[in-house]
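Got the model open in your viewer? Let's take a short walk through it, one selection at a time.

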Amino acid sequence: MAYGCDLGGGQRVYLDNQGSQTLITLASSSPGQQQQASTGFQTGRWNGSPQAFQTASGIVIKIPLADGDRFIQIQGNRIHWVNAGTVETAQPLVMQQVEMPELASMPPMQPMQPMEMQPMKPMTMGNMSMNMNPMEMRMGDMEMRMGSAAAANQTTHQASAQQDSKRFCNQCGSSVKPDDRFCSNCGNRLG
Ligand SMILES: [Zn+2]
């Protein structure tokens, strides 16, 4: 049979006599997280029910054993043995019998293993190489690129620029190259 005692501030202590061992579990819970730590002491079997006291220097728990009472002091997360006498004027705390402390019987949570995402490495096979983002593929002299919006826009731009600068002879109307000085059809001098 285990005993539980509320220490206030979200902290609870559980005491259990397992064989000849006294198992002390400190459990603290705050919104979003729960912590617990167990400490075992070789004490022998209990001679009665443990009692908890609120003293000026912390929580003291009296454990009745066959060869006399023993006292454990809890200060924060530290547990240590103390001499009797500290509880003479102390205020007893309510110690409840608990079936099996739910918290204490819970296996400690395993922290989630962070997923390892390797960035995609450029792939090379023979004379073929491939890159991601932008998608790029090379095979010998052949090159293929995808997903590069900038590159695509550039191509369109160049095409339209060529379209705009297309010139015509103002004499005969035949098309001439932008850098032609004379019309190849009629020989007209181009401005
Ligand atoms: Zn012409």
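A quick definition before you click: donors are N, O and S atoms within 2.8 Å of the metal (3.2 Å for Na, K and Ca), and water is not among the atoms, so sites may look incomplete. You're looking at a predicted model, where local features need pLDDT of at least 70, side-chain atom pairs count only at pLDDT 80 or more, and totals for chains, interfaces and linings use all residues. Residues are numbered from 1 along each chain as its sequence is written, and side-chain values use heavy atoms, with hydrogens and water left out.

**Stop one: the zinc ion.** Select the zinc ion and look for the SG atoms of Cys169, Cys172, Cys183 and Cys186, which coordinate it at 2.1 to 2.5 Å. The site is tetrahedral, with angles of 101 to 120 degrees among the four donor atoms (four donors earn that word if all angles lie between 85 and 135 degrees). Along the sequence, the spacing of the donor residues reads C-x2-C-x10-C-x2-C.

**Stop two: two of those cysteines.** Now pick Cys172, in the loop between strand 15 (167–168) and strand 16 (175–176), and Cys183, 11 residues apart from it in the segment after strand 16. Strands here are DSSP runs (E, at least two residues), numbered from the N terminus. Which one is buried? Cys183 is, because its relative accessibility is 5%, while Cys172 at 35% counts as partly exposed. The cut-offs: buried is under 20% relative accessible area, exposed over 50%, partly exposed in between (1.4 Å probe, protein chains only).

**Stop three: Ser29.** Jump to strand 3 (residues 21–30) and select Ser29. With 34% relative accessibility, Ser29 is partly exposed. Beyond its neighbours within four places in sequence, Ser29 is in contact with Gly10 and Gln34 (contact means heavy atoms within 4.5 Å).

Methods: Helix = DSSP H or I, 4+ residues; strand = E, 2+ residues; numbered from the N terminus. Tetrahedral: all angles 85-135°; square planar, octahedral: opposite > 155°, others 65-115°.
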